[in-house]
Structure formats: C-alpha cells, structure tokens
Amino acid sequence: MEVHRQTCQLCGSHEQRNLLVRESGEPDKVFVECAKCHELVARYIVSPGGYFHAHRGYESFLRGVARSGEVMSGKKLTEEFEEMQGQVEARFERIKIILAEKHKVD
Ligand SMILES: [Zn+2]
C-alpha cells in the first residue's frame, strides 16, 4: 500500500481543508483547499456508497446509501456497515503507521 500526504503544488503545505459538495443529480465531490494559501489542491469524486463518515454511526451510513440510490435489504445494510467500519478503521491505523515510518526523523 502506498500512502501520500496531499501537498499543495503552489506553497508546499501539507495542511488542507476538505470541502464536501453535494448537488442533486451529481455524485458527491470533495474539493481540497490549501489551508495556508487557500488555492485549490485537488478534487475527488466520491463513488456511490463510497463515503464513510467516522464516528457518525449507522444512521449516517444509511443516509449515504439513500443518496447513492442503491437498494439493499436491512440485514445486508447492517453487515455492510459493520464490515466497512471495521475495514476503514483498520486501514486508517495502518496508514498512520506507514506515514509515521515514512516521515520519521532519523
Ligand atoms: Zn498552498
């Protein structure tokens, strides 16, 4: 797995602000703004059902699924949520370890 800290191309800052944009009929988008020089750094398009909001629980997940227009049974949704939550949290722990190794001061 490769992990990269997002970097502003203009000022080199690693500090960014994610702006989540929702428009009906459009996939959710994330615009990344440099917190230092306020220029646009990147834009991401969130795939249907691909948004996971940590610490917000099952209801937040359900709203995301509803927005994506996907139809799933209640049982499957509960399983999907638990699986996604576990995977995302485990992956994030791994990402933090990789970043700490990569930016370790020798
Ligand atoms: Zn910048």
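**Strands and two histidines in a predicted model**

Me: Is histidine 55 buried or exposed in this predicted model?
Reply: Histidine 55 has 6 C-beta neighbours inside 10 Å. A residue with 12 or fewer is classed as exposed. Histidine 55 therefore counts as exposed.

Me: Where does histidine 55 lie?
Reply: Histidine 55 has a positive phi of about 65 degrees, although it is not a glycine. Most residues other than glycine have a negative phi. The place of histidine 55 is the loop between strand 3 and helix 1 (57-68).

Me: Which residue takes a positive phi in the hairpin of strand 2 and strand 3?
Reply: This hairpin has five residues between the strands. The residue in question is not a glycine, and its phi is near 65 degrees. It is histidine 38.

Me: Is histidine 38 buried or exposed?
Reply: Histidine 38 sits in the loop between strand 2 and strand 3. It has 11 C-beta neighbours inside 10 Å. The limit for this class is 12 or fewer, so histidine 38 counts as exposed.

Me: How many bridges join strand 2 to strand 3?
Reply: Strand 2 covers residues 29-34, and strand 3 covers residues 40-45. They run antiparallel. One partnership links lysine 29 with isoleucine 45 in strand 3. The number of bridges joining strand 2 to strand 3 is five.

Me: Which residue stands opposite valine 21 in strand 2?
Reply: Strand 1 (residues 16-21) pairs with strand 2 in the antiparallel sense, over six bridges. The residue in strand 2 also has isoleucine 45 of strand 3 as a bridge partner. Opposite valine 21 stands lysine 29.

Notes:
Residues numbered from 1 in each chain as written. Predicted model: local features only at pLDDT ≥ 70, side-chain atom pairs only at ≥ 80, totals over all residues. Pairing = 2+ DSSP bridges. Helix = DSSP H or I, 4+ residues; strand = E, 2+ residues; numbered from the N terminus. Buried ≥ 20, exposed ≤ 12 C-beta atoms within 10 Å, placed from the backbone.
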